[in-house]
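Let's take a walk through a protein model, ring by ring and loop by loop. Keep the 3D view open while you read, and click on each residue as it comes up.

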Amino acid sequence: MIRKSVLLIILAVFPLISFAQREREVSGEYAYYAPLNITPNEALATAIEKAKIQALAEAFGTLIDMQSTSVIQNDNGKSNTNFFSLGESSVKGEWLGDTREPETEVKFDPGFMIAKAKVWGHAREIVSAPIEISAKLLKQTNGKHDEDQFRHGEQLYLSFKSPTKGYLAVYLMDGNGDAYCLLPYSEDEDGQFTVKANKSYILFSEDHAEKDEKCQEYDMTCEKEAAEQNMVYVVFSPNKFTKANDDESNKIIDVNGKPESLPRFLSYSDFQKWLMRCRRADKDMQVIIKPIVISKE
């Protein structure tokens, strides 16, 4: 009787062990040879993302589409992956969060600049296909194309659709290292934003908000003469989660001279810690990172 019980327990646990997702600390570095018609911040952002992909490729391997323009080289047993098109290539791992801030460096040579980045993070092996969601940044509510270039004063909208019911959060990371919570909206008291299955959303638009929804609209701003690079994080899960613990921003004066509040915010470090905790606890959570450039003109 005892032997049978033990055997049943072992058989019940074995599938969980067999299909468990591996998690590990990873690191990677990348040197991006960038043209001079982009800003150093844009080049560094690209180098950081490619360094993360390099780290994931070395830790878990790659999945390459037949039409991919990626090149994988093997040098003395160490893989070197060059991704010319991030949209057509994928790796068999996902970045859960940074364990320390990236180290970066920019050098200039005649005709181009070299942006170097080294990253450290916690990653997890991908063992199943994620839920296929659609998320696009828009300038107009009737826009169709995913935007990555904004001018000072232009509005930001998000088009979103999921085949399953779930929960959504959106953060904007600015150049000063602050993460602003765009969704859930500041006046939401439960810290969660629910999306329905198969429903097309236009978020950050009062005209498209549901009844009794405390919607907020957002204008892009650029306070510096040079263009600013920001990152938009779209966080989705079919499982319930709550936004990060954040603080109220100071009020500013808008173009009409009226006081206006910025979205609630937290530091880059605290945001990464929250994101890593959420992703380690929820294997179904997805994070889409969209770099955008905001210019004065």
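Start with a group of aromatic side chains: ring pairs link Tyr171, Tyr233, Phe241, Phe271 and Trp274 into a cluster. Rings of Phe, Tyr and Trp (its six-membered ring) pair if their centres lie within 6.5 Å, and planes under 30 degrees apart count as stacked, over 60 as edge-to-face and the rest as tilted.

Before going further, a word on the ground rules. This is a predicted model, where local features need pLDDT of at least 70 and side-chain atom pairs count only at pLDDT 80 or more, while totals for chains, interfaces and linings use all residues. Residues are numbered from 1 along each chain as its sequence is written, and side-chain values use heavy atoms, with hydrogens and water left out.

**Rings that pair up**

How many aromatic pairs does a search of the whole structure find? It finds 11. One of them is Phe204 with Tyr218: the ring centres are 5.1 Å apart and the planes are at 80°, so this pair is edge-to-face. Phe204 sits in the loop between strand S14 (201-203) and strand S15 (218-219), and Tyr218 is in strand S15, so the pair ties together parts that are 14 residues apart in sequence. (Helices, H or I with at least four residues, and strands, E with at least two, are DSSP runs numbered from the N terminus.) Are Phe204 and Tyr218 buried or exposed? Both are buried; that means under 20% relative accessible area, while exposed is over 50% and partly exposed is in between (1.4 Å probe, protein chains only).

Now go back to two members of the cluster. Phe241 and Trp274 make a tilted pair, 6.4 Å centre to centre with 50° between the planes. Phe241 is in the loop between strand S16 (228-237) and strand S17 (251-253), and Trp274 is in helix H3 (residues 268-281), so here the pair ties together parts 33 residues apart in sequence. Phe241 and Trp274 are buried as well.

Rings can also have a charge over them, which here takes NZ of Lys or CZ of Arg within 6 Å of the ring centre and within 35 degrees of the ring normal. The charged end of Arg100 sits over the ring of Trp120, 3.6 Å from its centre. Lys199 lies over the face of Tyr201, 5.2 Å from the ring centre.

**Two helices**

Helix H2 (residues 40-60) has 21 residues, which at 1.5 Å a residue should span 30 Å, and its end C-alpha atoms are indeed 30 Å apart. (The expected span is 1.5 Å times one less than the number of residues.) In H2, 16 of the 21 residues are buried, so this helix is largely enclosed by the rest of the structure. Right after H2 comes Gly61, with a positive phi near 90°.

Helix H3 has 14 residues and reaches 20 Å from first C-alpha to last, close to the 20 Å expected. Among its buried residues are Phe271, Trp274, Leu275 and Cys278. An α-helix has 3.6 residues a turn, so residues three or four places apart point the same way.

**A buried charge**

Just past H3, in the loop between H3 and strand S20 (286-295), you'll find Asp282. Asp282 is buried yet has no salt bridge, and the nearest side chain of opposite charge, Arg124, is 6.6 Å away. For reference, a salt bridge is a side-chain nitrogen of Lys or Arg within 4 Å of a carboxyl oxygen of Asp or Glu, and Lys and Arg count as positive, Asp and Glu as negative, with His and the chain ends not counted. What does join the side chains of Asp282 and Ser237? A polar contact of 2.4 Å does. Such a contact is a pair of N or O atoms within 3.5 Å; within protein, one must be able to donate a hydrogen and the other to accept it, and residues adjacent in sequence count only if both atoms are side-chain atoms.

**Far in sequence, together in space**

Cys222, in the loop between S15 and S16, is buried at 1% relative accessibility. Ile294 lies in strand S20 and is also buried, at 1%. Each has a partner from elsewhere along the chain:

| Residues | Apart in sequence | C-alpha to C-alpha |
|---|---|---|
| Cys222 and Ser295 | 73 residues | 5.9 Å |
| Ile294 and Arg151 | 143 residues | 5.4 Å |

**Backbone oddities**

Most residues other than glycine have a negative phi, and most peptide bonds are trans. The bond from Leu183 to Pro184 is cis, with omega near 0°. Asn198 has a positive phi, near 60°, and is exposed, at 54% relative accessible area. Asp212 has a positive phi of about 70° too, and at 71% relative accessibility Asp212 is exposed.
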